[in-house]
Amino acid sequence: MIKFGTGGWRAVIGDDFTRENIQKLSKALVNKMKDEGVAEQGVAIGYDRRFLSKESAIWASEVFAAEGIPVKFILGSAPTPLIMFFVMRHELPYGMMITASHNPAVYNGIKVFTKGGRDADELQTQEIERYIHGIEEEVLEAACVSRGSEAGEPAVRIMEYEKGIETGIIEEINPLNEYLDNIISAVNMQAIRDRGLRIAIDPMYGVSLTALSTILSIARCTIETINSRHDTLFGGKMPAPTERTLRNLQNYVLDRYCDIGIATDGDADRLGVIDDQGHYLHANNILVMLYYYLLRYKGWRGPAVRNLATTHVLDKVAESFWQKCYEVPVGFKHISAKMQETDAIIGGESSGGLTVKGHIHGKDGIYAAALPVEMIAVS
C-alpha cells in the first residue's frame with residue numbers, strides 16, 4: 001500500500017517498494033496532471049545513490065513517456081534540493097525524487113514536488129493516494145477481464161526508456177551548474193576566500209560531495225573528505241548526520257586541524273556540523289546561530305519559523321531583534337508554507353533541515369552547509 005508521510009512515500013525495498021508500486025504512483029501523478037491540464041508542461045525526475053534508485057527513476061519515466069508527458073531526467077545521482085530548484089526555476093508543475101533520505105539502507109521511496117519546487121502538502125498527497133486507489137481498481141478489473149476472455153488495456157502503460165530518449169519525450173539533463181550558481185550568488189564567497197579555511201566533508205556515502213566540493217573549491221578552501229564512495233549500505237549506518245553517526249568526522253576534524261566539519265544526509269537535504277574543537281553542533285544550535293548571524297551580521301530583518309519540536313531559543317533571538325518566531329507542526333512543508341505566508345528569512349527543524357529566504361522553498365543541506373562556513377569566515 002502506498003501511503004505518504006511527512007516527507008513523501010517510503011517503503012522497504014522488495015516489499016512495498018517495487019516496480020509495480022512505483023509505476024502505479026507515477027500513473028497516479030500522470031492522471032492528476034492531465035485532470036489539472038498541466039501534462040504538456042512535463043515533469044522532472046531525479047534519483048539518489050540508494051539501491052534501485054536509478055532503475056526506479058527509469059521505471060517512473062517510462063510511465064510518463066507512454067502518456068506523452070515530457071520528462072526532464074536528471075542524469076547522475078543528485079541532491080534532492082537540486083530537483084526542487086529545477087522545478088522552481090523552470091516553472092514545472094511537478095517533480096519526483098527517488099530517495100528515502102536519511103532512512104536505513106533497506107528503504108527507498110519517492111518525494112513529490114509541486115509548483116514552485118515545494119514539497120507536496122497533505123492535500124496534494126491525499127489526492128495522489130486517491131488516484132492510486134483508482135488505478136488499483138482498474139488493475140483488478142483488468143485482471144478479471146483477462147481471466148474471463150481477452151486481455152483488456154493495461155491500467156499502467158509504459159514506453160521503453162531508450163525509445164523515450166529516441167523520440168525526445170525523455171530528455172537527459174544535468175542542471176547542477178545553475179543550482180550551484182544560485183547558491184554561490186547568495187554566499188559571501190570573498191569573505192570565505194580571505195580566510196583560507198580547511199574543511200572536512202562527510203557526504204555519508206550520499207550525493208552531496210560534488211556540489212559541496214565545487215562551492216568550497218571556488219571559495220579557495222582546502223577540502224578533506226571521508227565516506228565519499230558509492231555504498232548503497234551507507235557504511236552500515238543510517239545516513240543521518242547525528243552525533244552518533246558523525247564520530248569519525250569529529251576525530252577527522254581534530255586529527256587534520258580542520259576549521260569545521262560538514263556532513264549531509266543521504267539525499268543532501270539535512271545538515272550536520274562539527275566545530276574546530278571536535279564538538280557536534282546540534283541542529284537547534286545551528287539554526288539559532290544562523291538566524292542570529294543573518295540578523296546581526298548581514299542586517300536582514302524578518303521572522304523565523306520552526307516546528308513544535310525545535311528550540312524556543314529561536315523565539316528569544318527573534319524577540320531581541322524585535323522580530324517574531326512562528327511555530328508549525330512537524331513536517332517541512334508546514335515550515336515552507338509559513339515562511340511564504342510571513343516572508344520569514346529562515347526556517348528549520350531540530351532534525352537538521354533548514355532553509356533561508358531567497359533560495360528554494362524546502363530544506364537544502366548544500367546551501368545550509370555554505371552558511372556556517374560564511375558565518376565563521378565573517379565573524
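These are my notebook entries on two sheets, some open and closed spaces, and a few single residues in this structure.

**Entry 1: before starting**

I am working with a predicted model. I count residues from 1 along the chain, as the sequence is written.

**Entry 2: the four-stranded sheet**

I looked up how the strands are ordered here. I found an open sheet of four strands, in the order S14-S13-S15-S16, with mixed pairing. At its edges I noted S14 (325-328) and S16 (354-356), each of which pairs on one side only. I also checked the turn between neighbours: on average, neighbouring strands of this sheet are turned by 15° against each other, direction ignored.

Next I followed S13, residues 304-307. S13 and S14 run parallel and are joined by four bridges. Which residue of S14 is the bridge partner of Ala 304? I found Cys 325 in that place. A little further on, Arg 306 of S13 stands opposite Glu 327 in S14.

I then asked which way the residues of S13 point. Ala 304 and Arg 306 point one way, while Val 305 and Asn 307 point the other way. I marked all four as buried, the charged Arg 306 included.

**Entry 3: helices across that sheet**

Which strands does helix H10 lie across? I traced H10 over residues 283-296 and saw that it lies across S13, S15 (346-348) and S16. H10 runs at about 180° to S15.

Helix H12, residues 332-342, was my next stop. H12 lies across S13, S14, S15 and S16. Its direction is at about 165° to S15.

**Entry 4: the five-stranded sheet**

I moved on to a second open sheet, this one with five strands. I wrote down the order as S9-S8-S10-S11-S12, and the pairing is mixed. The edge strands are S9 (222-225) and S12 (280-281), and each pairs on one side only.

Inside this sheet I looked at S8 (residues 198-202) and S10 (residues 260-264). They pair in the parallel sense, over four bridges. Ile 199 has Ile 260 of S10 as its bridge partner.

I also looked for a helix against these strands. Helix H13, residues 365-378, lies across S8, S10 and S11 (271-275). I noted that H13 runs at about 170° to S10.

**Entry 5: the largest pocket**

What is the volume of the largest pocket? I have it down as about 400 Å³. Its lining takes in 27 residues, and those nearest the centre are Thr 6, Gly 7, His 102, Arg 270 and Lys 363. The elements giving two or more residues to this lining are S1 (9-12), H3 (80-89), S5 (107-114) and H12. I met H12 earlier, lying across the four-stranded sheet. Which element gives the most to the lining? S5 does, with three residues. By class, I recorded six nonpolar, 13 polar and eight charged residues around the pocket.

**Entry 6: the cavities**

Rolling a probe the size of a water molecule over the atoms shows where empty space is left. I asked how many cavities of 30 Å³ or more a search of the whole structure finds. The search finds two.

The largest cavity holds about 80 Å³ of space. Its lining is Phe 4, Gly 5, Thr 6, Gly 7, Gly 8, Lys 111, Val 112, Asp 119, Ala 120, Thr 125 and Lys 333. I sorted these by class as three nonpolar, five polar and three charged residues. Thr 6 and Gly 7 line this cavity, and they are also among the residues nearest the centre of the largest pocket.

The second largest cavity has about 50 Å³. Among the residues lining it are Asp 202, Tyr 205, Phe 234 and Pro 239. Here I recorded five nonpolar, two polar and two charged residues.

**Entry 7: two single residues**

Is Asn 21 buried or exposed? Asn 21 sits in helix H1, residues 19-36. I call Asn 21 buried because its relative accessibility is 8%, and buried means under 20%. Leaving out residues up to four places away in sequence, Asn 21 touches Ile 2, Trp 9 and Asp 16.

Ala 44 belongs to strand S2, residues 43-47. At 0% relative accessibility, Ala 44 counts as buried too. With residues up to four places away in sequence left out, its contacts include Lys 72, Ile 83, Phe 86 and Tyr 94. Last, I checked Ala 44 against Thr 310, 266 residues apart along the chain. Their C-alpha atoms are separated by 32 Å.

Note on methods
Predicted model: local features only at pLDDT ≥ 70, side-chain atom pairs only at ≥ 80, totals over all residues. Heavy atoms only, no water. Pairing = 2+ DSSP bridges. Axes fitted to C-alpha atoms, helices over the stretch in contact; angles between N-to-C directions. Contact = heavy atoms within 4.5 Å. 1 Å grid on protein atoms, 1.4 Å probe; cavity = no way out; pocket = protein on both sides within 12 Å on 5 of 7 lines; lining within 4 Å. Points joined across faces, edges and corners; volume = space filled by probe spheres on them. Buried < 20%, exposed > 50% of the residue type's maximum accessible area, 1.4 Å probe, protein only.
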